[in-house]
Amino acid sequence: MQFATESEIAAACKHVRSLNTTLNQVLFGQEELIDLVITGLLARGHILLEGLPGLGKTELVKGLSKALNLDAKRIQFTPDLLPGDITGNPVLQEQDGQRKFVFQPGPLFTNILLADEINRASPKTQSAMLEAMQERRVTVIGETHDLPAPFFVLATQNPIELEGTYPLPEAQLDRFLFKLEVSRNNVETLEKIVNHRELGTEPEVVSMMDPAQLDEVLTMVRRIYLPDVVANYIARLVDATHPGQSTASAGIKYGSSPRAALSLASAAKARALMNERTHASFEDVKYVAPAVLRHRMILDYNARVEGKTTNDTIYALLEEVPFQAKEAPRTMVSQ
């Protein structure tokens with residue numbers, strides 16, 4: 001693979017900066033959240049947004065689809081939603097004097113899928129999205145149908161403490177590149193919202209990028225160089241999430257999968273491009289690690305009773321695991 005040059009990255013970053021500016025006009029006071037959403041998009045990953053209702057998660061996703069000029073569809077997940085309501089179903093039709101089943105695509109066949117309140121549907125319905133999220137295709141009654149490219153799932157979920165929610169299966173959680181926590185707004189942001197928004201109206205969003213330009217930027221991310229030392233740091237960080245592999249892993253029942261390592265690598269490359277660099281760095285990995293790992297670790301019963309969270313464990317891991325496996329020679333250490 002031919003690695004990206006500085007001039008190519010500078011040209012791609014113009015589109016990324018315009019997208020960032022646009023989304024910050026859609027959702028006020030959430031600069032870091034928007035930065036991570038764009039990072040996940042450039043890494044070709046699916047994103048899970050968790051937060052209380054009314055914080056702007058849905059508006060962010062709709063604004064993203066408009067800014068990228070991509071086809072977008074929305075599924076409101078409810079307890080009575082069936083798998084066929086998502087993937088589509090074969091319908092009996094008459095063609096040339098014969099009756100036969102013809103597949104009618106469901107809302108999954110789009111570029112950006114907004115899965116609203118995804119954890120209000122039953123696990124059976126949620127599992128219908130597993131193949132779509134991993135292989136970008138669906139299989140219905142033995143026939144496989146490819147999904148449009150690009151295909152992103154941006155799902156919102158309510159905290160599990162709210163009524164009428166089901167925990168997402170671990171296999172489905174692992175297919176989300178990021179899990180982002182949407183926090184409430186401060187007073188200054190609320191004042192800005194009151195002055196610039198009206199109830200029942202949506203902010204106007206201008207297209208910042210066409211599908212061809214988006215494809216160029218996505219291809220550019222794959223051409224970002226990942227140094228061997230950074231790849232080694234990713235491997236050691238993921239290994240340290242497993243019980244007994246680090247001091248910080250105390251209280252973890254199950255650690256992260258190899259998919260977490262691949263996700264860290266892709267997200268670090270995307271972060272490097274956003275900072276106009278030709279290579280990913282240790283700091284890129286450290287920045288995206290909480291979003292990549294927080295939904296890929298399961299704490300044991302005692303840790304949960306003590307009030308420990310996966311975020312606490314991740315920050316402890318980042319402090320414990322050094323950037324390099326071996327100490328640098330004394331001649332390379334600043335005196």
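These notebook entries record what I looked up in a predicted model.

**Entry 1. Nonpolar cores**

I began with the interior. In soluble globular proteins, nonpolar side chains tend to be buried together. In this model I found that the largest nonpolar core has 75 residues. Leu-42, Phe-178, Leu-237, Leu-264 and Leu-273 are the members that touch the most others. I then asked which helix gives the most to this core. It is helix α11, residues 258-274, with 9 residues.

I listed the contacts of Phe-178, leaving out residues up to four places away in sequence. Phe-178 touches Leu-36, Thr-39 and Gly-40, then His-46, Ile-47 and Leu-48. Its further contacts are Ala-267, Val-288, Ala-291, Val-292 and His-295.

I also noted a second, separate core of 24 residues. Among its members are Ile-75, Ala-121, Ala-132 and Leu-168.

**Entry 2. Aromatic rings**

I counted 5 aromatic pairs in the model. I examined one of them, Tyr-233 with Phe-323, whose ring centres lie 5.2 Å apart. Why is this pair edge-to-face? The ring planes stand at 90°, and planes over 60 degrees apart count as edge-to-face.

The two partners come from distant parts of the chain, 90 residues apart. Tyr-233 belongs to helix α10 (residues 228-239), whereas Phe-323 lies in the segment after α14 (310-320). I checked the accessibility of each partner. Tyr-233 is buried, at 0% relative accessibility, while Phe-323 is partly exposed, at 28%. With Phe-282, these two residues form one aromatic cluster.

**Entry 3. Charges over rings**

I looked next for charged ends placed over aromatic rings. The charged end of Lys-192 sits over the ring of Phe-28, 4.7 Å from the ring centre. Arg-271 places its charged end over the ring of Tyr-287, at 3.8 Å from the centre.

**Entry 4. Salt bridges**

Side chains of opposite charge can pair when their charged atoms come close. I counted 12 salt bridges in the model and followed several of them.

Arg-223 is bridged to Glu-8, with 2.9 Å between the closest N and O atoms. Arg-223 is in the loop between α9 (211-222) and α10, and Glu-8 is in helix α1 (residues 6-26), so the bridge ties together parts 215 residues apart in sequence. I recorded Arg-223 as buried, with a relative accessible area of 17%. Glu-8 is partly exposed, at 28%.

Glu-50 and Lys-179 form a salt bridge at 3.6 Å, N to O. Where do the two residues lie? Glu-50 is in strand β1 (residues 46-50) and Lys-179 in strand β9 (residues 176-181), so this bridge ties together parts 129 residues apart in sequence. Are Glu-50 and Lys-179 buried or exposed? Both are buried.

Asp-116 and Arg-74 meet at 2.6 Å, N to O. This bridge links distant parts of the chain, 42 residues apart: strand β5 (residues 112-116) holds Asp-116, and strand β2 (residues 72-76) holds Arg-74. Asp-116 is buried, with a relative accessible area of 6%, whereas Arg-74 is partly exposed, with 45%.

I also found a network of salt bridges that links Asp-174, Arg-259 and Arg-296.

**Entry 5. A hairpin**

I examined the pairing of strands β6 (residues 137-140) and β7 (residues 143-146). They run antiparallel and pair over 4 bridges. I asked which residue of β7 is the bridge partner of Arg-137. The partner is Asp-146. The two strands form a hairpin with 2 residues between them. In the turn, Ile-141 has a positive phi of about 50°.

**Entry 6. Two single residues**

I looked up Gln-172, which is found in helix α7 (residues 170-173). Gln-172 is buried, with a relative accessible area of 0%. Neighbours within four places in sequence aside, Gln-172 is in contact with Ile-118, Gln-126, Ser-127, Met-129, Leu-130 and Met-133.

I looked up Pro-258 as well, and located it in helix α11. Is Pro-258 buried or exposed? Pro-258 counts as exposed, because its relative accessibility is 67% and the cut-off for exposed is over 50%. Between Pro-258 and Asp-174 the C-alpha to C-alpha distance is 10.0 Å, at a separation of 84 residues in sequence.

Technical notes:
Residues are numbered from 1 along each chain as its sequence is written. This is a predicted model: local features need pLDDT of at least 70, side-chain atom pairs count only at pLDDT 80 or more; totals for chains, interfaces and linings use all residues. Side-chain values use heavy atoms; hydrogens and water are left out. Rings of Phe, Tyr and Trp (its six-membered ring) pair if their centres lie within 6.5 Å; planes under 30 degrees apart count as stacked, over 60 as edge-to-face and the rest as tilted. Buried means under 20% relative accessible area, exposed over 50%, partly exposed in between (1.4 Å probe, protein chains only). A charge sits over a ring if NZ of Lys or CZ of Arg is within 6 Å of the ring centre and within 35 degrees of the ring normal. A nonpolar core is a set of buried Ala, Val, Leu, Ile, Met, Phe, Trp, Tyr and Cys residues joined through side-chain atoms within 4.5 Å. Contact means heavy atoms within 4.5 Å. A salt bridge is a side-chain nitrogen of Lys or Arg within 4 Å of a carboxyl oxygen of Asp or Glu. Two strands pair if DSSP finds at least two bridges between them.
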